[in-house]
Amino acid sequence: MKSVTLKKSLAPKKKFGQNFLTSPAVAEKIVNAAELKATDTVLEIGPGKGVLTSLMTDRCRKVWAVEIDARLAEALSIMFGQSVKIKIVNQDILQYALDEIIEESRSSFKVVANLPYNITVPILGKLIGCRQHIASIIVMVQKEMADRLSAKPGSKDYGSLSIYVQYYLNVEKLFNVSPGSFFPKPKITSSVIKLTPREIPPVILEDESDFFDFVRLCFSQRRKMLRSVLKQHNEWGGGISNRVSAEMDLTRRAETLNLNEFVKLYNFLKAEK
Ligand code: SAM
């Protein structure tokens with residue numbers, strides 16, 4: 001790697017969620033959490049000025065750094081020169097097909113990133129879509145998002161996103177990072193989390209997407225009893241028979257149901273339709 005540091009004058013672009021990590025100690029802690037081995041391939045989403053990238057290229061086989069901002073991608077190309085340890089891709093991660101990295105990593109790859117916070121959910125959706133190729137995901141997200149992703153039934157943060165993500169991934173909160181560790185300084189606290197794809201889902205669903213639509217609908221009015229929420233939608237309300245009412249307490253609110261209870265309710269209503 002050439003000893004070039006990226007110009008401080010590259011003004012951060014808000015639309016790309018550019019809050020650059022400035023704390024070497026936090027960068028080290030994030031990369032340590034990935035437990036990189038010399039044989040690992042890493043996908044880094046949004047390398048920015050390369051604070052995590054430069055630590056990782058020394059510790060793994062190859063880093064695929066996908067950066068949407070052409071100014072940063074170009075600067076990173078100068079910084080890393082022709083190094084075989086890195087592939088810099090100037091693209092939107094949401095549009096980028098991961099086939100090449102999947103093929104090159106042979107078994108599976110790791111994901112490490114300080115994510116652009118405004119597109120955290122679509123990025124997680126994309127990673128979930130190819131989870132069979134992913135060994136682990138270490139990402140920095142807004143603390144509020146980390147709380148939602150890891151929330152358990154009964155908590156104020158628990159919702160359809162918690163159920164969707166936890167169905168596919170084990171979610172572990174690692175540590176918080178204060179606004180002072182970034183430039184520009186964000187208004188919120190961040191958290192680093194570890195997501196590990198589950199080998200088998202906790203329950204088998206025939207139509208996952210239909211089930212998650214159902215869960216979203218149940219949470220659409222989270223203060224209301226399930227019975228009144230479902231009654232507003234003929235598609236589901238029509239399935240509320242005496243049998244279902246006897247088996248499930250529909251005076252409960254969505255936020256009190258765990259995954260298995262949602263599956264039970266969904267299957268009952270489907271059967272009665
Ligand atoms: N990794 C750097 C760090 O820790 O300082 C930068 C993190 S910054 C929070 C998010 C990075 O993601 C920025 O470099 C931004 O340009 C990039 N980014 C934003 N949207 C993106 C997208 N759709 N695809 C790829 N990169 C994106």
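Me: What makes the 5 residue pairs between domain 1 and domain 2 count as polar contacts?

Reply: A polar contact is a pair of N or O atoms within 3.5 Å; within protein, one must be able to donate a hydrogen and the other to accept it, and residues adjacent in sequence count only if both atoms are side-chain atoms. Between domain 1 and domain 2, 5 residue pairs, both at pLDDT 80 or more, are in polar contact. This is a predicted model, where local features need pLDDT of at least 70, side-chain atom pairs count only at pLDDT 80 or more, and totals for chains, interfaces and linings use all residues. Residues are numbered from 1 along each chain as its sequence is written, and side-chain values use heavy atoms, with hydrogens and water left out.

Me: How many salt bridges does the rule find across that interface?

Reply: The rule asks for a side-chain nitrogen of Lys or Arg within 4 Å of a carboxyl oxygen of Asp or Glu, and it finds 0 between domain 1 and domain 2.

Me: What is the area that domain 1 and domain 2 bury between them?

Reply: Buried area is the accessible area (1.4 Å probe) that two parts lose on being put together, summed over both. For domain 1 and domain 2 that comes to about 960 Å², with 65% on carbon and sulfur atoms. Of the area that domain 1 buries against domain 2, Tyr-158, Ile-163 and Tyr-167 supply 48%, more than any other three residues.
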